[in-house]
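Me: I am new to this one and would like to know how the labels are earned. Could you walk me through it?

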Amino acid sequence: MVVEKNKVVGIAYQLKVDDGESGMVDFEHVPENQPFLFLFGAGAVFPKFEEALAGKSIGDGFSVFIDFENAYGDYYEERKTIIPKANFKKDGKKQNEMLKVGAVIPMQDDKGNQIKGEITKIDYMGVHMDFNPPLAAHDLQFDGKIISIRDAQPEEIDHGHVHGPDGHHHH
């Protein structure tokens, strides 16, 4: 069986990232005993990533470099904003446990889309948040191995993502 559309592929990998200053640094490691599962051909991962895996079999290694334009895009200053502290009140109480520097909070943009923002600072002006993806403007280098390949269930193909014991990840 090979990696192709409508297969659920499990991969182990090491991700290194480069922000253009410090060179490649280790960012994430997915071990073989807990592979990352995704539905191939459903847009769950970057197109360049799928290109590198297409046609491979279980046990095959892969190495793929994705520059930031083809990954999470550039870093935009305008995705940083200050939100009044009053917006974080719930039932009239301040959400102190939520308001911590480094906390990532799901919010909605003006179109109602879920976006995640990281709190970078809290001061008298309000809560400073950054809605850039954490790896915006980073080049990515994946080195890994194909651990498993199976046919996707019809429901997985319908929904466009993996179901199952450890498959329900929304990235």
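Reply: Gladly! Let us begin with a definition: a residue is buried under 20% relative accessible area, exposed over 50%, and partly exposed in between. Please keep in mind that this is a predicted model.

Me: Why is E32 called partly exposed?

Reply: E32 has a relative accessibility of 46%. Buried means under 20% and exposed means over 50%, so E32 at 46% counts as partly exposed.

Me: What makes the contact of E32 and K145 a salt bridge?

Reply: The cut-off is a side-chain nitrogen of Lys or Arg within 4 Å of a carboxyl oxygen of Asp or Glu. The N to O distance for E32 and K145 is 3.4 Å, so the pair qualifies. The two residues are 113 apart in the chain: E32 sits in the loop between β2 and β3, and K145 in strand β11. K145 is partly exposed, at 31% relative accessibility.

Me: How do you know that K16 and D26 form a salt bridge?

Reply: Their closest N and O atoms are 3.2 Å apart, and the limit is 4 Å, so K16 and D26 are a salt bridge. This pair links strand β1 (residues 7-18), which holds K16, to strand β2 (residues 25-30), which holds D26.

Me: Which label does each of those two partners get, exposed or partly exposed?

Reply: K16 has 29% relative accessibility and counts as partly exposed. D26 has 53%, and because exposed means over 50%, D26 counts as exposed.

Me: What makes K111 and D110 a salt bridge?

Reply: The N to O distance is 3.9 Å, which is within 4 Å, so the pair passes. K111 is exposed at 68%, and D110 is exposed at 74%. Salt bridges that share partners also join E4, K7 and D151 into one network. The structure holds eight salt bridges.

Me: What makes I82, Y124 and M125 a nonpolar surface patch?

Reply: Such a patch needs residues with over 30% relative accessible area and no salt bridge, with nonpolar side chains joined within 5 Å. I82 has 35%, so I82 clears the 30% mark. Together I82, Y124 and M125 make a patch of about 370 Å². I82 is found in strand β5 (residues 80-83).

Me: What makes N6 and A137 worth a second look?

Reply: Most residues other than glycine have a negative phi. Phi of N6 is near 65 degrees, a positive value, and A137 has a positive phi of about 65 degrees although it is not a glycine. N6 lies in the segment before β1, while A137 lies in the loop between β10 (126-130) and β11. N6 has 28% relative accessibility and A137 has 24%; these values are neither under 20% nor over 50%, so both residues are partly exposed.

Me: And what does the whole chain come to, in helices and strands?

Reply: The protein chain has two helices and eleven strands. Along the sequence the pattern is β-β-β-α-β-β-β-β-β-β-β-β-α. The C-alpha trace spans about 60 × 40 × 30 Å along its principal axes. Of the 171 residues, 35% count as buried, which means that they have under 20% relative accessible area.

Terms used. Residues are numbered from 1 along each chain as its sequence is written. This is a predicted model: local features need pLDDT of at least 70, side-chain atom pairs count only at pLDDT 80 or more; totals for chains, interfaces and linings use all residues. Side-chain values use heavy atoms; hydrogens and water are left out. Patches are made of residues with over 30% relative accessible area and no salt bridge: like charges are joined within 9 Å, nonpolar side chains (Val, Leu, Ile, Met, Phe, Trp, Tyr) within 5 Å. Accessible areas come from the Shrake-Rupley method with a 1.4 Å probe; for residues, only the protein chains shown count as cover. Helices (H or I, at least four residues) and strands (E, at least two) are DSSP runs, numbered from the N terminus. Buried means under 20% relative accessible area, exposed over 50%, partly exposed in between (1.4 Å probe, protein chains only).
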